[in-house]
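Subject: Structure handover

Hi,

Here is the structure I promised to pass on. Have a look at it first, and then read on for what turned up.

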Amino acid sequence: MRIIVVGAGVLGSMHAWHAIERGHEVVHIERETEARGASVRNFGLVWVSGRAAGDELSTALRARELWEEIGAQVPELGFRPNGSLTVVRTPAELAVARETADRPDAAVRGFELLTADEARRINPALRGEFLGALWCERDGAVEPRTAQRALRVRLEASGRYTFLGGREIREVVGDRAVRDDHGEVHTGDAVVLCTGAWLGGLVRELVPDLPVRRVRLQMMQTAPLGEALTTSVADGDSFRYYPGHAGAGLDALNAGQPQHPTAAEHRMQLLMVQRRDGGLTIGDTHEYDQPFGFDVVEDPYEYLTEVVEGILGRPLPPVRRRWAGVYAQCTDTGRIVHRQQVRDGVWLVTGPGGRGMTCSPAIAETTADALGL
């Protein structure tokens with residue numbers, strides 16, 4: 001079969017991957033010369049720990065297996081099963097961590113509640129003051145700025161993959177074909193549109209009432225830390241953001257321990273991952289109301305710096321990069337992704353929200369199964 005995949009972010013790249021792995025031919029079309037959106041502007045986290053019980057957790061666990069399998073074939077992805085520590089600094093946060101670690105699905109996530117000393121034995125860079133940490137053995141990470149490029153090199157080696165960058169799809173032509181802005185028509189046995197946060201133009205024409213919204217975030221990256229940060233790191237605010245921590249403990253945290261005003265205003269949590277060059281990717285914020293601001297504002301960065309320095313017990317290295325990104329999220333946040341057949345043989349797959357990097361291999365596998373690849 002010949003599959004046309006539109007969009008070269010991580011979701012489109014994983015759809016191309018599964019098609020090639022199953023012996024098919026892929027024409028992969030991207031409006032930029034290469035992916036420039038949310039897929040390269042994130043942490044690179046493969047984040048199992050906070051996923052909602054049920055389909056979301058099952059999808060994340062399957063994706064974690066696939067990331068490890070694909071990472072073994074494509075070492076340039078930089079996949080590492082480094083786990084994560086969610087650091088807790090107050091009794092209310094500790095109560096949420098304890099409740100989470102006691103749940104029936106804690107074992108499949110690899111949860112364990114650690115004392116501060118136990119957490120430091122796993123990650124010696126955490127020299128600040130905190131009460132303990134929730135360890136998640138199943139979390140991992142990849143290198144987001146280079147992952148899509150590494151996948152493309154591997155796909156091209158198959159001899160059944162063609163990448164066409166700098167081409168925007170303008171029209172679905174009949175069944176199973178699209179026309180790009182060069183006037184070229186690409187016909188296949190199936191078309192998969194993975195358009196990311198591009199929700200206007202052709203996408204709006206195909207699905208005028210698409211139940212997907214755009215979300216803006218801010219992040220930053222530092223110079224090398226000078227030592228290993230052996231796990232990914234989160235703070236107690238992540239309990240408020242991820243549905244896997246919902247319960248009486250979280251209700252008590254929200255009622256009795258309001259967020260810092262800056263964190264509340266920007267809907268923040270701390271997530272931190274060390275890159276292969278030693279720098280730290282740190283974030284993030286969430287902005288839901290459009291039109292989004294066009295500025296990268298400084299208050300969240302100052303707040304995150306303070307939190308990180310408190311956890312590390314040392315000054316943060318100089319910040320080398322700051323950026324904003326926009327991703328697509330289903331308005332029903334309980335849905336993993338919006339997958340819809342928009343024409344005969346043409347599928348739209350979008351809106352995974354902040355789960356995109358984590359879940360994309362499993363989302364794409366489900367699409368491939370649905371298409372009978």
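A quick definition before anything else: a disulfide here is a pair of cysteine sulfur atoms within 2.5 Å. By that cut-off, the structure holds zero disulfides. Please keep in mind that this is a predicted model.

Two of the cysteines show how this comes about. For Cys 136, the closest cysteine sulfur belongs to Cys 359, and at 13 Å that is too far for a bond. Cys 359 in turn has its closest cysteine sulfur in Cys 330, 12 Å away, which is again too far for a bond. Cys 136 counts as buried, with 0% relative accessibility, and Cys 359 also counts as buried, at 0%.

Now the overall picture. The chain has 12 helices and 19 strands. A compact globule of 373 residues would have a radius of gyration near 21 Å, and the chain agrees with that, at 21 Å. Along the principal axes, its C-alpha atoms fill a box of roughly 60 × 40 × 40 Å. Of the 373 residues, 59% count as buried. As for contacts between residues at least 6 apart in sequence, 75% of them join residues at least 24 apart.

Next, the sheets. One is an open sheet of eight strands with mixed pairing, and if you trace across it you meet them in the order E5-E6-E4-E14-E15-E16-E13-E17. E5 and strand E17 (319-330) are at the edges; each has a single partner strand, so one side of each is left without a neighbour in the sheet. From one strand to the next, the twist averages 25°.

Within that sheet, try E4 and strand E14 (residues 232-235): they run parallel and are joined by four bridges. If you want a spot to zoom in on, Val 87 stands opposite Asp 235 in E14. Helix H11 (residues 299-312) packs on this sheet, where it touches E4, strand E13 (212-222), E14, strand E15 (271-274), strand E16 (280-283) and E17. The direction of H11 makes about 55° with that of E13.

There is also an open sheet of three strands, in the order E9-E10-E11, and its pairing is antiparallel. Strand E9 (169-172) and strand E11 (185-187) stand at its edges with a single partner strand each, so one side of each has no neighbour in the sheet. Here the twist averages 30° from one strand to the next. Strand E10 (residues 177-180) pairs with E11 over three bridges in the antiparallel sense, and Val 178 stands opposite His 186 in E11.

Last, a helix to look at end-on. Which residues of helix H3 (residues 91-101) are buried? They are Glu 93, Leu 94, Val 96, Ala 97, Thr 100 and Ala 101. Looking down the axis of H3, you will see these buried residues fall within an arc of 155°, so they line one face of the helix. In an α-helix there are 3.6 residues a turn, so residues three or four places apart point the same way. And what do the buried residues of H3 pack against? Their partners are strand E4 (84-88), helix H4 (106-109), strand E5 (111-115), strand E6 (132-136), helix H8 (237-241) and helix H9 (248-256).

Over to you, and enjoy browsing!

Terms used: Residues are numbered from 1 along each chain as its sequence is written. This is a predicted model: local features need pLDDT of at least 70, side-chain atom pairs count only at pLDDT 80 or more; totals for chains, interfaces and linings use all residues. Side-chain values use heavy atoms; hydrogens and water are left out. Buried means under 20% relative accessible area, exposed over 50%, partly exposed in between (1.4 Å probe, protein chains only). Helices (H or I, at least four residues) and strands (E, at least two) are DSSP runs, numbered from the N terminus. The arc is that of the directions from the helix axis to the C-beta atoms. Contact means heavy atoms within 4.5 Å. Two strands pair if DSSP finds at least two bridges between them. Axes are lines fitted to C-alpha atoms, for helices over the stretch in contact, and angles run from 0 to 180 degrees between N-to-C directions. The radius of gyration is taken over C-alpha atoms; the globule rule is 2.2 Å times the number of residues to the power 0.38.
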